[in-house]
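Welcome! Here is a short briefing for anyone opening this structure for the first time. Keep the view at hand as you read.

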Amino acid sequence: MSRTREPYIPALRFGWLTALYDPVVRWTMREAAFKGRLVEQARIQPGHRVLDLGCGTATLAILIKQAHPDALVVGLDGDPKILGLARSKAGAAGLDIGLDCGMADALPYPGSSFDRVVSSLVIHHLTRDAKRRALREAVRVLTPGGELHVADFGKPHNALMYCSSLIMRHFEEVSDNIEGLLPQMIREAGFDSVEVTTHYSTVFGTLSLLKASKVGE
Ligand SMILES: C[S@@+](CC[C@H](N)C(=O)[O-])C[C@H]1O[C@@H](n2cnc3c(N)ncnc32)[C@H](O)[C@@H]1O
């Protein structure tokens, strides 16, 4: 599955739990609210090419295609098993969504291939180095002026979320998020106008939405 020497963390950490991914996320992460908001935030226009980085079962890619039938929507994930679920869901919904197997830190697309890169609950799966490489790849595949829209764990925004984050912060890959490092890492990758737009309280801690843009020519 992994083409790098780094650990590959499947959707629910263990491959045998992948079939349960959709119900778990639906009931613990306020999925409908935050994914709907992420789609709105991305302000996708007719003809836009949109990459869902780490698409999992393609819930977000499907929402995007349903809201923007004239956009070209592509989901990428490194796990062939979850892509099988994604293909079934997209097929059942009758939607034409490209679904590619590949790694977030070595994207199989030429530069300037997309107007939007969206990513939900993926960056916290990556080691610090892989986060940096993946964010640089997002810059590379975006057109100048293109935008990145991310939903992922963030710095706790209240005392309750601080308590909820106590378990997650022990996972090395998530701790960068919980320490609030994502905006800086996104900036260092080459993005401009990096902004945390909103927070959600979830069972596992604060989920933050971020947006950033690639400097135009
Ligand atoms: C928690 S799931 C999120 C799935 C989906 N984006 C969502 O919001 O429901 C994380 C996904 O990232 C994928 N993933 C983890 N590491 C990856 C990598 N290095 N490259 C591509 N996909 C990766 C996993 O296979 C999994 O599908």
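**A first look**

Leu148 has a relative accessibility of 3%, so Leu148 counts as buried. Please keep in mind that this is a predicted model. From Leu148, the tour moves on to the cores, then to a buried aspartate, Asp115, and at last to the ligand.

**Around Leu148**

- Leu148 belongs to strand β5.
- Setting aside residues up to four places away in sequence, Leu148 touches Val117, Leu135, Ala138, Leu142, Ile186, Phe191, Leu210, Lys211 and Ala212.
- Try finding Ala42 as well: Leu148 and Ala42 are 106 residues apart along the chain, yet their C-alpha atoms are separated by 8.0 Å.

**The nonpolar cores**

- The largest nonpolar core is made up of 32 residues, and Phe34, Ile64, Leu99 and Leu121 have the most contacts inside it.
- Two or more residues of this core come from each of these elements: α1 (21-28), α2 (31-42), α3 (59-67), α4 (80-92), β5 (142-153), α7 (172-178) and β7 (205-214).
- Ile64 is in touch with Val39, Ile44, Val50, Val73 and Val118, when residues up to four places away in sequence are not counted.
- Another core, of 28 residues, lies apart from the largest one; Leu51, Ala134, Leu148 and Phe191 are among its members.

**Asp115, a buried charged residue**

- Where does Asp115 sit? Look in strand β4, which covers residues 114-120.
- Is Asp115 buried or exposed? Its relative accessible area is 14%, and a residue under 20% counts as buried, so Asp115 is buried.
- Beyond its neighbours within four places in sequence, Asp115 makes contact with Gly47, His48, Arg49, Leu142, Thr143, Gly146 and Glu147.

**The ligand and its surroundings**

- Which residues come nearest to the ligand? Of the 20 residues around the ligand, they are Tyr8, Tyr21, Gly54, Asp77 and Ser120.
- The shell around the ligand consists of 11 nonpolar, 6 polar and 3 charged residues.
- Three side chains to pick out each place a polar atom by an oxygen atom of the ligand: for Ser120 the distance is 2.5 Å, for Asp77 it is 2.6 Å, and for Lys35 it is 2.8 Å.
- On its own, the ligand has 590 Å² of accessible area, and the protein covers 97% of that area.

Key
Residues numbered from 1 in each chain as written. Predicted model: local features only at pLDDT ≥ 70, side-chain atom pairs only at ≥ 80, totals over all residues. Heavy atoms only, no water. Near = heavy atom within 4 Å. Polar contact = N/O pair within 3.5 Å; in protein donor to acceptor, adjacent residues only side chain to side chain. Areas by Shrake-Rupley, 256 points an atom, 1.4 Å probe, with all protein chains shown as cover. Nonpolar A, V, L, I, M, F, W, Y, C, P; charged D, E, K, R; others polar. Core = buried A, V, L, I, M, F, W, Y, C linked by side-chain atoms within 4.5 Å. Buried < 20%, exposed > 50% of the residue type's maximum accessible area, 1.4 Å probe, protein only. Helix = DSSP H or I, 4+ residues; strand = E, 2+ residues; numbered from the N terminus. Contact = heavy atoms within 4.5 Å.
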